[in-house]
Amino acid sequence: MMPLMMKKPFRDIRKHKAKTLFILLSISISLTIAGTILHTKLQFEAALQESMEKSNAADASFYTNSFKDIPKELAELEGLEKAEPRISLRARAKTEDGYKNIEVTGLPDKDRLQIGKINIAKDEKSDSGVYAEASTKNEYIWREGEEIKLLIPGEKQKSMQLSGSVSDPSRIPAGFTGTGYVYLTKDALKKLGVPLAYTQIQVRFEDGTSKKERDQLISRINKILKSSDITSYRTEQSEETFYIRNTLASSILTVLILFGLCSLVLGFILIIHLFHRVIAEQVKELGIQRVVGASASFIWRQYIVYLGLIGTLSFLLSAAGTYYGSKWAVRYLAEELNIGSYTESIDLNTVYLLAGFSLAIPFFGAFWPVLNVLNKPLTDSLRNVPHSFPSKEKKGAVWFSLSLLSWRHARSRKAQVLSNILMLSFGGAIILSCLTLHQTLTNQLQQMNHFWNYDQEWSVKSDLPKEELIGLFEKTEGVSEAEGWTVRNTEVLSKDRGRQNALLMSLPEQSKLIRPAVQEGQWLSKVGKPAIVINEDLRTLLENPKAGETVKLKIGREEKAFTIKGIISSQLKGPAAYMSSNDYEQWLSSNAANRVAVKMKSGADLTEASDLLEKRLAAGNVSVEGSETIQAMKKRPEQIIGLVVSSILAAGFLFTLLGMMNLMTAASMNVYERQKEIGIIRAIGGSSGKIFRMYAGESIIVSIVSWGLAGVISLPLSQFLSTRIGLSLLGSPLQNEIYPQGIAGWLIASVTIGLLSAAIPVVKSLRKPLPIMLED
């Protein structure tokens, strides 16, 4: 026979099944949202780490001049596990959308230990030895067996059949970088006209090598290369290849975790409210138990069983929701960010947290209502008066109206009204913050796009003096003006901050084709000692140096100290430093340009001008290594920022739906408990319209108050989001802005939500027969 202590919880669940279901759903949905976000972050980080381990990613890659054999001294270097040479060069592919920049990589020999393992999906019908990286294949809309057109600098365009695709998680997706990746066998390289000379060395350090030891090994490797007449232009460590993906995931998921905590707050407010109502209906029953000798511990044990059942069911539902929700989210991120493999297992820490919260939330939600009932005088418990009614006698009103009844009801149930306000306020604050962030990022994107004041840029290789090279461009029909720049990789050396890779751009001090937004210090000038301007990305990597500090730049074997003259905003293109053409020429004694920025005349056809430039450059023995329109360059930040904004807006919409659900649940319970009151009003002649206006008035008051509170809460939340997203994406906080259209729109939405939350249960209640509504 089941003991009484066990019978009552099951009987309570059946008796209060509607409220119990609401409690169960609220806990489960809140925990599922929070758990999914947390588990996605943990699984994404695990997938990233697993991808690096499975691919045996290079710990460091050295980009060098051409060489035939790798120095034997590297194999004897202590702390170095393996070194492997690679063939790598820049090229272009002609697609339906014009020329696209690609990087051609030679596939390693089969019998060699492969650093940076890749998976090849081969089309059995083709054996040309040409493979496209998976994200590149999707970005350029290539298919297996298709003839793709490749252009190697200085060579004629050649068509080669695509044999399949390559999965290489070390590659940043082509949509984020503007560079695709193609892998060729040695036979395919020969057919394309690529010299079989190595231009890259990838190395793996021994396990357990510290960062300090890695830096020392990199220095020793550079010395060995130098002694073998191999110049290392740039050293890229494995962490850098995952920079954008880490940045995006960290930006999105960290913010969403904050929203997940807000969802728990929303759910907990409703849970307390619902438990308060459930226990309020059991006051007399508990009083009778106390009269017949039931101890407080016996009553608590009954509720422990009841709450334990709710907690167990909540855990099972939220664990299932978390698993499938995070599985979808991790798959989406892995595919979007080219992570490769990912695990579908559940992180045990997440399971423990879900189990703990599933049990803790109902216990904490019911603790104070149960304690208040047990502390009530026994005589009050037996009077069968709901303890939410005011115990103090109130003075009667001189006049009566339905609005007065509505006002009195709101005053008598202050806790309920307050919980409704808080629920809608939290959801509103989140959506307002998301709208504000969207507007802030849109303005930031416009500012970033303002940086470029030209239409196209060309990467070229030529022995022509800079003036002659620029002349080839300016004499082309449709070109308004052109500037010759030098763009190359450099190492930024800092005594306190180590070694960082950056893109160095040498350009005229008074360039008309860029409009930098200087955040600190000044832009380049002809006077003064050698100086550079850095962007916020490089500033972040260097741990926030100030204007006026000194750093060293290293290109190949040349090294020189420069003063940081200014800091400009980020363009989402990675760390970069800017130097005047005069300082660059004095340092490296070179007047050659490898990048030309072109501004078109108003109304000129960019495609026609590009075709003319191709012919003119070929006739002038100028090799084209790459070309890209500014329109395409602008799309990349839009894609990155768009991913962040869409994720945050989706989360804000989801949490607002949760707040709406909680509010409508509370409103439904409110109408359900006041059915007799509605019946009495109808019995004395009150029309349905008056009853609806009474509840609508209550909801509108709650909506307006919650709208004002949402606006107040959204201010610090918006500031947090702007700071966090700005630091993650751009290296500096975003300038937070007020979005009046969003505030006005949320006022309309709040009133609409309030009216809907009242209208649905009231209309449903008014359809019931009057005798049923007057029953006790």
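A residue counts as exposed when its relative accessible area is over 50%, and as buried when that area is under 20%, with partly exposed in between. Keep those cut-offs in mind as we walk through this predicted model. Aspartate 229 has 59% relative accessibility, so this residue is exposed. Its setting is the loop that runs between helix H6 (211-227) and strand S12 (232-237). The backbone is worth a look too: phi of aspartate 229 is near 60°, a positive value in a residue other than glycine. Most residues other than glycine have a negative phi.

Asparagine 544 offers a second case, again with a positive phi near 60°. You will find asparagine 544 in the loop between helix H16 (536-541) and strand S18 (550-555). At 45% relative accessibility, this asparagine counts as partly exposed.

Helix H16 itself holds a salt bridge, in which the side chains of glutamate 536 and arginine 539 meet at 3.6 Å, N to O. The two partners are three residues apart in the helix, about one turn. Glutamate 536 is buried, at 3% relative accessibility, and arginine 539 is buried as well, at 10%.

That pair belongs with a wider set, since a search of the whole structure finds 13 salt bridges. Turn now to strand S3, where arginine 90 and glutamate 625 form a salt bridge of 3.7 Å, N to O. Glutamate 625 sits in strand S22 (residues 623-629) and arginine 90 in strand S3 (residues 88-95), so their contact ties together parts that are 535 residues apart in sequence. Arginine 92 meets glutamate 614 in another salt bridge, at 2.6 Å, N to O. Because arginine 92 lies in strand S3 and glutamate 614 in helix H18 (residues 606-619), this pair links parts 522 residues apart in sequence. Arginine 90 is partly exposed, at 40% relative accessibility, whereas arginine 92 is buried, at 2%. Glutamate 614 is also buried, at 14%.

On the surface, Glu78, Glu81, Glu206 and Asp207 gather in a patch of negative charge. Of these, glutamate 81 is in strand S2 (residues 80-86) and is partly exposed at 42% relative accessibility. A nonpolar patch of about 350 Å² is made by Ile288, Val291, Val292 and Leu378. Isoleucine 288 belongs to helix H9 (residues 283-291) and is partly exposed at 44%.

Finally, follow helix H22 (residues 740-766): its 27 residues reach 39 Å from first C-alpha to last, close to the 39 Å expected at 1.5 Å a residue. Its buried residues include Trp746, Ile753, Pro761 and Leu766.

Note on methods
Residues are numbered from 1 along each chain as its sequence is written. This is a predicted model: local features need pLDDT of at least 70, side-chain atom pairs count only at pLDDT 80 or more; totals for chains, interfaces and linings use all residues. Side-chain values use heavy atoms; hydrogens and water are left out. Patches are made of residues with over 30% relative accessible area and no salt bridge: like charges are joined within 9 Å, nonpolar side chains (Val, Leu, Ile, Met, Phe, Trp, Tyr) within 5 Å. Accessible areas come from the Shrake-Rupley method with a 1.4 Å probe; for residues, only the protein chains shown count as cover. A salt bridge is a side-chain nitrogen of Lys or Arg within 4 Å of a carboxyl oxygen of Asp or Glu. Helices (H or I, at least four residues) and strands (E, at least two) are DSSP runs, numbered from the N terminus. Buried means under 20% relative accessible area, exposed over 50%, partly exposed in between (1.4 Å probe, protein chains only). Lys and Arg count as positive and Asp and Glu as negative; His and the chain ends are not counted. The place of a charge is taken as NZ of Lys, CZ of Arg, CG of Asp or CD of Glu. The expected span of a helix is 1.5 Å times one less than its number of residues.
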